[in-house]
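Colleague: Thanks for making time for this one. Could you show me the model and take me through its strands and helices?

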Amino acid sequence: MSLSSISSEAEQAMEKAVSFLKAEFRGVRTGRASPALVDQMKVKVASYGGAPMELKALATVSVPEPTMVLIKPFDPGTLKDIERAIQESDIGINPMSDGKVIRLPVPPLSGERREQIANQVKKMAEGQKIALRNARRDAIQQIDAAKKAGDLPEDDAKKGTEQIDKMIKKYETEIDEMIKSKQKEVIEV
């Protein structure tokens, strides 16, 4: 395997970890209403054979006011399934239904809850940093294997390892910036 393919494979894995974290952060509650709070939520719909579907495929999600998320199902028969999924989720908001739409009043977060969420953000990010380190380890193992097999000169192997190290630093810095930004957003009143 060539050095460039090992490098691009590692970069794809690291990019995937960062984009996964961005998606996870969109669903973190910050005290303001946001469609991202429930967009990605999986709903088991009985009328579709119990298959889990994303909420955004079943309903329109809007924010009519800063502290309210409004969910209007495309099919009124899925209302109870959506309501059940919200109650079983860990967002900590009780849905209010009038038979046609579901309203999610987003209460202001207490200082203690803000701290818990900020710590949760850090744990989510640490999981993706582990994914970055795993991608780095795999790439370096591939470089070492290619060097031992004689497919890669020692100088190229050293350059490749340095390149992978620079890459992981870049992505770890990006994750650290994301953590700071999200924690600031959560802690701000």
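Modeller: Happy to; one term before we start: two strands pair if DSSP finds at least two bridges between them. Please keep in mind that this is a predicted model.

Colleague: Good, then let me use that straight away. Which residue in E2 is the bridge partner of valine 45?

Modeller: Strand E1 covers residues 42-45, and strand E2 covers residues 51-54. The two pair in the antiparallel sense over four bridges. In E2, valine 45 has as its bridge partner alanine 51.

Colleague: And which residues of E1 make up its covered face?

Modeller: In a regular strand the side chains alternate between the two faces of the sheet. E1 has an uncovered face with Lys42 and Lys44. Its covered face holds Val43 and Val45.

Colleague: Let's go to the open sheet of four strands. Which strands stand at its edges?

Modeller: The pairing in this sheet is antiparallel, and the strand order is E3-E4-E6-E5. A strand at the edge has a single partner strand, so one side of it is left without a neighbour in the sheet. The edge strands are E3 (59-65) and E5 (96-97).

Colleague: How many residues does the hairpin from E3 to E4 pass through?

Modeller: E3 and E4 run antiparallel and are joined by five bridges. Within this pair, alanine 59 stands opposite proline 73 in E4. The hairpin joins E3 to E4 through two residues.

Colleague: At the other edge, which residue of E6 is the bridge partner of serine 97?

Modeller: E5 is joined to strand E6 (residues 102-105) by two bridges, and these strands run antiparallel. In E6, the partner of serine 97 is isoleucine 102.

Colleague: What about the helix over the sheet: at what angle does H2 run to E6?

Modeller: Helix H2 takes in residues 79-88 and lies across E3, strand E4 (68-73), E5 and E6. Its buried residues are Leu79, Asp81, Ile82, Glu83, Ala85 and Ile86, and they pack against E1, E3, E4, E5 and E6. The angle of H2 to E6 is about 20 degrees.

Colleague: There is a loop residue on each side of H2 that caught my eye. Is threonine 78 buried or exposed?

Modeller: Threonine 78 lies in the loop between E4 and H2. Its relative accessible area is 1%, and the cut-off for burial is under 20%. Threonine 78 is therefore buried.

Colleague: And is isoleucine 93 buried or exposed?

Modeller: Isoleucine 93 sits in the loop between H2 and E5. Its C-alpha atom is separated by 39 Å from that of arginine 136, 43 residues apart along the chain. Because its relative accessibility is 6%, isoleucine 93 counts as buried.

Colleague: Now the long helical part. Are H1 and H3 roughly parallel or antiparallel to each other?

Modeller: Helix H1 (residues 3-26) and helix H3 (residues 111-149) have their axes 9 Å apart and pack at about 170 degrees. Angles over 145 degrees count as roughly antiparallel. H1 and H3 are therefore roughly antiparallel.

Colleague: How many charged residues are in the contact of H1 with H3?

Modeller: Among the residues that make the contact are Leu3, Ile6 and Glu9 of H1 and Val121, Met124 and Arg136 of H3. By class, 17 are nonpolar and two polar. The number of charged residues is three.

Colleague: How are H1 and H4 arranged, roughly parallel or antiparallel?

Modeller: H1 packs with helix H4 (residues 154-187) at about 10 degrees, with the axes 10 Å apart. Angles under 35 degrees count as roughly parallel. H1 and H4 are therefore roughly parallel.

Colleague: Which helices do the buried residues of H1 pack against?

Modeller: The buried residues of H1 include Leu3, Ser7, Ala10, Met14 and Phe25. An α-helix has 3.6 residues a turn, so residues three or four places apart point the same way. The buried residues of H1 pack against H3 and H4.

Colleague: One last check on geometry: how far does H3 reach from its first C-alpha to its last?

Modeller: H3 has 39 residues, and 57 Å is expected at 1.5 Å a residue. Just after H3, glycine 150 takes a positive phi of about 85 degrees. The reach of H3 is close to the expected value, at 57 Å.

Technical notes:
Residues numbered from 1 in each chain as written. Predicted model: local features only at pLDDT ≥ 70, side-chain atom pairs only at ≥ 80, totals over all residues. Heavy atoms only, no water. Contact = heavy atoms within 4.5 Å. Axes fitted to C-alpha atoms, helices over the stretch in contact; angles between N-to-C directions. Parallel < 35°, antiparallel > 145°, perpendicular 65-115°, else oblique. Nonpolar A, V, L, I, M, F, W, Y, C, P; charged D, E, K, R; others polar. Expected span 1.5 Å × (residues − 1). Buried < 20%, exposed > 50% of the residue type's maximum accessible area, 1.4 Å probe, protein only.
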